[in-house]
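The following note is offered to a colleague who meets this structure for the first time. The points are numbered for ease of reference.

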Amino acid sequence: MEMSSKLLERAVAEISQLPGIGKRTALRLALHLLKQPAEQTQLLTSALQKMRDEIQFCHQCHNISDVEVCEICANTSRDRSVICVVEDIRDVMAIENTNLFKGIYHVLGGKISPIDGIGPSQLNIVTLVEKVKTGSVKELIFALSSTMEGDTTNFYIYKQIKEYGIVTSAIARGIAVGDELEFADEVTLGRSILHRVPFENSLKSS
């Protein structure tokens, strides 16, 4: 794509690095920004820079937060004895949008995938096991995507905490096999949380 400005070309190249943004869309966005008042562009760049520099990860659940402990973990009305284990920050947002889960979360930061070079040590599994060891956790809900990697991660964690005798459950398979959690509609996702099944049962059916 030939451009008359190297500055525009560089901006388009950077924007096109974003997920789902091709060169044409990146060009459209860059030209849109050029048409806006300079102050508007500065507000955008300032917001992005501030987010990048100041955003934190919750010390308790690894969710994104503006402070050391996120709003969910700090909320005393949440049931801290029930932990929903998710792969990604976006999954927390998806489940929260259902308004049906009243426990807390634990964000793993990914799932075990040997083909991608991701092992258990690269995920937030140790801190989850430590929570279970305290004896304050009554139930773990496995809410990872129903893929081979998700199931492998679920089973690995299950083996790590099995001896502590807590209830383990998995979200109901209203979520289609192979689907990512964040793309499920709120009604289906909400029902999957409410109608979760004992994790041992999900092992027998897989």
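1. A residue is called buried when its relative accessible area is under 20%, exposed when that value is over 50%, and partly exposed in between. K133, with a relative accessible area of 45%, is therefore partly exposed, because its value falls between the two cut-offs. The model discussed here is predicted.

2. Overall composition. The chain has 206 residues, of which 37% are buried. Its secondary structure consists of nine helices and seven strands. Among contacts with a separation of 6 or more, 55% join residues that lie 24 or more positions apart.

3. The largest nonpolar core. This core is made of 20 residues. Those with the most contacts inside it are I83, V85, L108, L128, L140, I157 and I161. Two or more core residues come from each of the strands β3 (79–86) and β5 (139–142) and from each of the helices α6 (126–133) and α7 (148–161). A second core, separate from this one, has 18 residues, including C58, C73, I89 and F101.

4. The surroundings of I83. Which residues does I83 touch, if those up to four places away in sequence are not counted? The partners are I104, Y105, H106, L128, K131, V137, E139, L140 and I141. Two of these partners, L128 and L140, are also listed with I83 among the core residues that have the most contacts.

5. The largest pocket. The space in this pocket amounts to about 250 Å³. Its lining is formed by I15, L18, L29, H32, L33, T41, L44, T45 and L48. Helices α2 (23–35) and α3 (38–54) each contribute at least two lining residues, and α3 gives the largest share, with four. By class, the lining comprises six nonpolar and three polar residues, with no charged residue.

6. The second largest pocket. Here the space is about 200 Å³. M51, R52, I55, F57, I64, I89 and M93 form the lining, to which α3 and α5 (89–96) each give two or more residues. Six of the lining residues are nonpolar, none is polar and one is charged. I89 belongs to this lining and is also included in the second core.

7. Salt bridges within helices. There are six salt bridges in the structure. One of them joins E9 and K6, with an N to O distance of 3.7 Å. These two residues are three apart in helix α1 (residues 6–15), so about one helical turn separates them. E9 is partly exposed at 30% relative accessible area, whereas K6 is exposed at 66%. Another salt bridge links K133 to E130, with the closest N and O atoms 3.6 Å apart. K133 and E130 are likewise three residues apart, in helix α6, and therefore about one helical turn apart. E130 counts as partly exposed at 41% relative accessibility, and K133 is also partly exposed.

8. The salt bridge of R90 and D88. How far apart are the closest N and O atoms of R90 and D88? The distance in this salt bridge is 2.7 Å. R90 is partly exposed, with 46% relative accessibility, and D88 is partly exposed as well, with 22%.

9. Positive phi values. H62 is not a glycine, yet its phi is positive, near 75 degrees. This residue is placed in the loop between β1 (56–57) and β2 (64–65). Is H62 buried or exposed? Its relative accessible area is 16%, and it is therefore buried, being under the 20% cut-off. N99, which is also not a glycine, has a positive phi of about 60 degrees. N99 is located in the loop between α5 and β4 (103–107). At 56% relative accessibility, N99 is exposed.

10. The loop glycine G165. This residue lies in the loop between α7 and β6 (167–170). G165 is exposed, its relative accessible area being 66%. G165 and G135 are 30 residues apart along the chain, and their C-alpha atoms are separated by 9.7 Å.

Methods
Residues numbered from 1 in each chain as written. Predicted model: local features only at pLDDT ≥ 70, side-chain atom pairs only at ≥ 80, totals over all residues. Heavy atoms only, no water. 1 Å grid on protein atoms, 1.4 Å probe; cavity = no way out; pocket = protein on both sides within 12 Å on 5 of 7 lines; lining within 4 Å. Points joined across faces, edges and corners; volume = space filled by probe spheres on them. Nonpolar A, V, L, I, M, F, W, Y, C, P; charged D, E, K, R; others polar. Core = buried A, V, L, I, M, F, W, Y, C linked by side-chain atoms within 4.5 Å. Buried < 20%, exposed > 50% of the residue type's maximum accessible area, 1.4 Å probe, protein only. Contact = heavy atoms within 4.5 Å. Salt bridge = Lys/Arg side-chain N within 4 Å of Asp/Glu carboxyl O.
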